[in-house]
Amino acid sequence: MDTSRPSCSLLILLALYILQLAGCMNAKINFREKEKQILDQILGPGRYDARIRPSGINGTDGPAVVSVNIFVRSISKIDDVTMEYSVQLTFREQWLDERLKFNNLGGRLKYLTLTEANRVWMPDLFFSNEKEGHFHNIIMPNVYIRIFPNGNVLYSIRISLTLSCPMNLKLYPLDKQTCSLRMASYGWTTDDLVFLWKEGDPVQVVKNLHLPRFTLEKFLTDYCNSKTNTGEYSCLKVDLLFKREFSYYLIQIYIPCCMLVIVSWVSFWLDQGAVPARVSLGVTTLLTMATQSSGINASLPPVSYTKAIDVWTGVCLTFVFGALLEFALVNYASRSDMHRENMKKSRREMEAAANMDAASDLLDTDSNTTFAMKPLMRGGVVDSKMRQCEIHMKPPEKNCCRMWMSKFPTRSKRIDVISRITFPLVFALFNLAYWSTYLFRDEDEEK
């Protein structure tokens, strides 16, 4: 009788039973319950004190090291008047607390998650250049704490901040501004707490970041430890370099100002007798330019230095005002020309009357004829000598400008003609100097 077959069957049944028993045991394990037990074990009363900071590296008494990284979600505004900017970011801190080590059940528990920050020790970090800030609690508080089996703690929170950003507006609106985000320890000195940037891309920015008037060119991370009377405190900072979009200001400020200046030159081509038209044009352009200049300054803080936009609006306002003064000069020259013509006309009339009186005296008596001829003869001799001198004298050479200006007999007309050339030429030279100075400047001068 073969007894090997029953023994094999028993072995197969035993193996199946063991596998089924193991499966039942695995099915009975409740990992959520295990998480609760572990949390009670490491954070229970008398086991963990959140008031005590973690040990240093390798369990030494050195300072606790906290790695920091941030993710910039959006930048809503950059205000030139109040010199501040608003940013929404995800802020993360990571440190090692060996008191929070736990068994990961063979790699089945990757980390434990908490939503109450007061359960564990937290670094006392604050934003030193913050004006306002708030957390996000819709729908639930946007914060979590992850505790890893080796004792690493990851703290992540979403916050919105309004931060101060001191600006230098000397090159406005052709400027670049650097806005900083500073983070420092409030109470722990560098002997107890040190902040470090996380290695490998500590600052991340959302890809589709869009600002209405600025472009984020780059950002730099650095350290800014500060020393006070109470000790040295660890500090981190990230500098955000913003470049102002010039197209908006070109369309809204520079082109309208150029058009106003050019419109003020139209008065040079109007007749000097059209006083109402030229006065209305000059005063209207001057008031419009002054209104635009005041509107530009209303959107900027009052500063003690001259901005690039102040130079532009000031020169444009000077050109418009100069066009109005030019008409005043033309009007004065016109009246002076009229007065001179009247004086010449009256002089000619007086000379004609005197010649007629002289001719009548010649015809009065024969006795007076001999004596009357002498002065005429004397005058004739003088005139002949003068004509001989003019023949021997060379005519003066006339240059092109004098010949061209001789086409305009009155001084008022000459002033208008000269203004038609000099005003556009000087304005073109000013544009060349302005854009060469502010647009094509070196980086060192910009800083």
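**Exercise 1. Work out whether C235 is buried or exposed, and find its bonding partner.**

Let's start with accessibility in this predicted model. C235 has a relative accessible area of 5%. Buried means under 20%, so C235 is buried. Next, look for its partner: C235 forms a disulfide with C224, and the sulfur atoms sit 2.0 Å apart. C224 comes out at 13% relative accessibility, so it counts as buried too. Now the handedness: the torsion about this S-S bond is about -55°, so the disulfide is left-handed. Finally, place the ends: C224 lies in the loop between strand 11 and strand 12, C235 lies in strand 14, and they are 11 residues apart.

**Exercise 2. Find out which cysteine C179 is joined to, and where the two sit.**

C179 is joined to C165, with an S to S distance of 2.0 Å. The torsion here is -80°, and the link is left-handed. C165 is in the loop between strand 7 and strand 8, while C179 is in strand 8 itself. Both cysteines are buried. With 2 disulfides in the structure, the pattern along the chain reads 1-2, 3-4.

**Exercise 3. Explain why C316 has no bond to C257.**

Check the gap: the sulfur of C316 is 4.9 Å from that of C257, its closest cysteine sulfur. A disulfide needs sulfur atoms within 2.5 Å, so this is too far for a bond. C316 is buried, at 0% relative accessible area.

**Exercise 4. Say which strands stand at the edges of the sheet with order 4-8-14-11.**

This is an open sheet with antiparallel pairing. Strand 4 and strand 11 each have a single partner strand, so one side of each is left without a neighbour.

Technical notes
Residues are numbered from 1 along each chain as its sequence is written. This is a predicted model: local features need pLDDT of at least 70, side-chain atom pairs count only at pLDDT 80 or more; totals for chains, interfaces and linings use all residues. Side-chain values use heavy atoms; hydrogens and water are left out. Two strands pair if DSSP finds at least two bridges between them. Helices (H or I, at least four residues) and strands (E, at least two) are DSSP runs, numbered from the N terminus. Buried means under 20% relative accessible area, exposed over 50%, partly exposed in between (1.4 Å probe, protein chains only).
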